[in-house]
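Colleague: I've just opened this one and I'm new to it. Could you walk me through it?

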Amino acid sequence: MAAYSVTIRLRSRQTMEGETLTTDQTLRGRLTAGEEGWSLSYREGEDSGLGNTVTTLTAGPDKVVLERKGEVSCRMVFRPGRRYLTDYITPYGSFPLELLTRELEHRLEGERGGLLLRYGLCLGGGDMGENELCLEFEREEF
């Protein structure tokens, strides 16, 4: 297994009731690559609204798992065409979360890679709209 520091360019987009909110961030993280896939961990940026939270994305042959630990905690499993039910735990309480993965792509090419997730999300019984998470990462230069 190879592990190294990476620079991450992350774009998230949420569309609800015709309004779209886009957030762009550049973060530092840690990539671990193996034969079956890769794992990428990073601390959420100040603009994310997630407080002091570490996010880990694990990409395997047919799915991506997103885990958040810290002020906000959850585990989401993305598989194209499948629904996933979980709890979204915040300082204000726990809320049921349902997601439906519409599109999933991930790649690792040498010391760089990327991820694209498109999914519908429902938090606490209300419609949260359509979401997209797109990130690109590459090994940091020293």
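Colleague: Let's start with strand E9 (residues 112-123) and E10. How many bridges join them, and do they run parallel or antiparallel?

Modeller: Eleven bridges join E9 to E10, and the two run antiparallel. One pair you can look up is Leu116, which stands opposite Cys134 in E10. Keep in mind that this is a predicted model.

Colleague: What about the hairpin of E9 and E10, how many residues are between the strands?

Modeller: Two residues are between the strands there, and Gly124 in that hairpin takes a positive phi near 65 degrees.

Colleague: Which non-glycine has a positive phi?

Modeller: Glu17 does, with a phi of about 50 degrees. You'll find Glu17 in the loop between strand E1 (2-16) and strand E2 (19-33).

Colleague: Is Glu17 buried or exposed?

Modeller: Exposed, because its relative accessibility is 76%, and the cut-off for exposed is over 50%.

Colleague: Zooming out, what do the strands form?

Modeller: Ten strands form an open sheet with antiparallel pairing, and the order is E6-E5-E4-E3-E2-E1-E10-E9-E8-E7. The edge strands are strand E6 (74-78) and strand E7 (83-90), each of which pairs on one side only. From one strand to the next, the twist averages 25 degrees.

Colleague: How many bridges do E1 and E10 pair over?

Modeller: Ten, in the antiparallel sense. As an example from that part of the sheet, Val6 has Arg139 in E10 as its bridge partner.

Colleague: And E2 with strand E3 (residues 38-43)? How many bridges there?

Modeller: Five bridges, antiparallel again. Thr32 has Ser39 in E3 as its bridge partner.

Colleague: Next topic, confidence. What pLDDT does the protein average?

Modeller: The average is 90, and 94% of the residues score at least 70. Among the elements, strand E10 (residues 126-139) has the lowest mean pLDDT, at 90, while E6 has the highest, at 97.

Colleague: Why look at pLDDT in the first place?

Modeller: Because where pLDDT is low, the predicted coordinates should not be read in detail.

Colleague: OK, cysteines. How many disulfides does the count come to?

Modeller: Zero.

Colleague: Why is there no bond from Cys74?

Modeller: Because the closest cysteine sulfur, in Cys122, is 14 Å from the sulfur of Cys74, which is too far for a bond. The cut-off for a disulfide is within 2.5 Å.

Colleague: And Cys134, which cysteine sulfur is closest to that one?

Modeller: The one in Cys74, but at 19 Å from the sulfur of Cys134 it is too far for a bond.

Colleague: Are Cys74 and Cys134 buried or exposed?

Modeller: Cys74 counts as buried, at 8% relative accessibility. Cys134 is partly exposed, with a relative accessible area of 26%.

Colleague: Going back to E10, I clicked on Asn131. What does Asn131 touch?

Modeller: Asn131 is in strand E10. Not counting residues up to four places away in sequence, Asn131 touches Arg13, Gln14, Leu117, Arg118, Tyr119 and Leu121. A polar atom of the Asn131 side chain also lies 3.4 Å from the backbone oxygen of Gly129. At 11% relative accessibility, Asn131 counts as buried.

Colleague: Now for Thr55. Where is that, and is it buried or exposed?

Modeller: Thr55 is in strand E4 (residues 53-59). Thr55 is buried, with a relative accessible area of 0%.

Colleague: Which side chains does the Thr55 side chain make polar contacts with?

Modeller: There's a polar contact of 2.5 Å with the side chain of Glu44, and another of 3.1 Å with the side chain of Arg68. Leaving out residues up to four places away in sequence, what Thr55 touches also includes Leu40, Ser41, Tyr42, Leu66 and Glu67.

Colleague: One more, Lys63. Where does it lie?

Modeller: Lys63 lies in the loop between E4 and strand E5 (64-70). With a relative accessible area of 27%, Lys63 is partly exposed.

Colleague: Which residues is Lys63 in contact with?

Modeller: Aside from neighbours within four places in sequence, Lys63 is in contact with Thr58, Val77, Phe78, Arg79, Leu104 and His106. Lys63 and Gly37 are 26 residues apart in sequence, and their C-alpha atoms are 10.0 Å apart in space.

How values were computed. Residues numbered from 1 in each chain as written. Predicted model: local features only at pLDDT ≥ 70, side-chain atom pairs only at ≥ 80, totals over all residues. Heavy atoms only, no water. Helix = DSSP H or I, 4+ residues; strand = E, 2+ residues; numbered from the N terminus. Buried < 20%, exposed > 50% of the residue type's maximum accessible area, 1.4 Å probe, protein only. Pairing = 2+ DSSP bridges. Axes fitted to C-alpha atoms, helices over the stretch in contact; angles between N-to-C directions. pLDDT = per-residue confidence, 0-100. Polar contact = N/O pair within 3.5 Å; in protein donor to acceptor, adjacent residues only side chain to side chain. Contact = heavy atoms within 4.5 Å.
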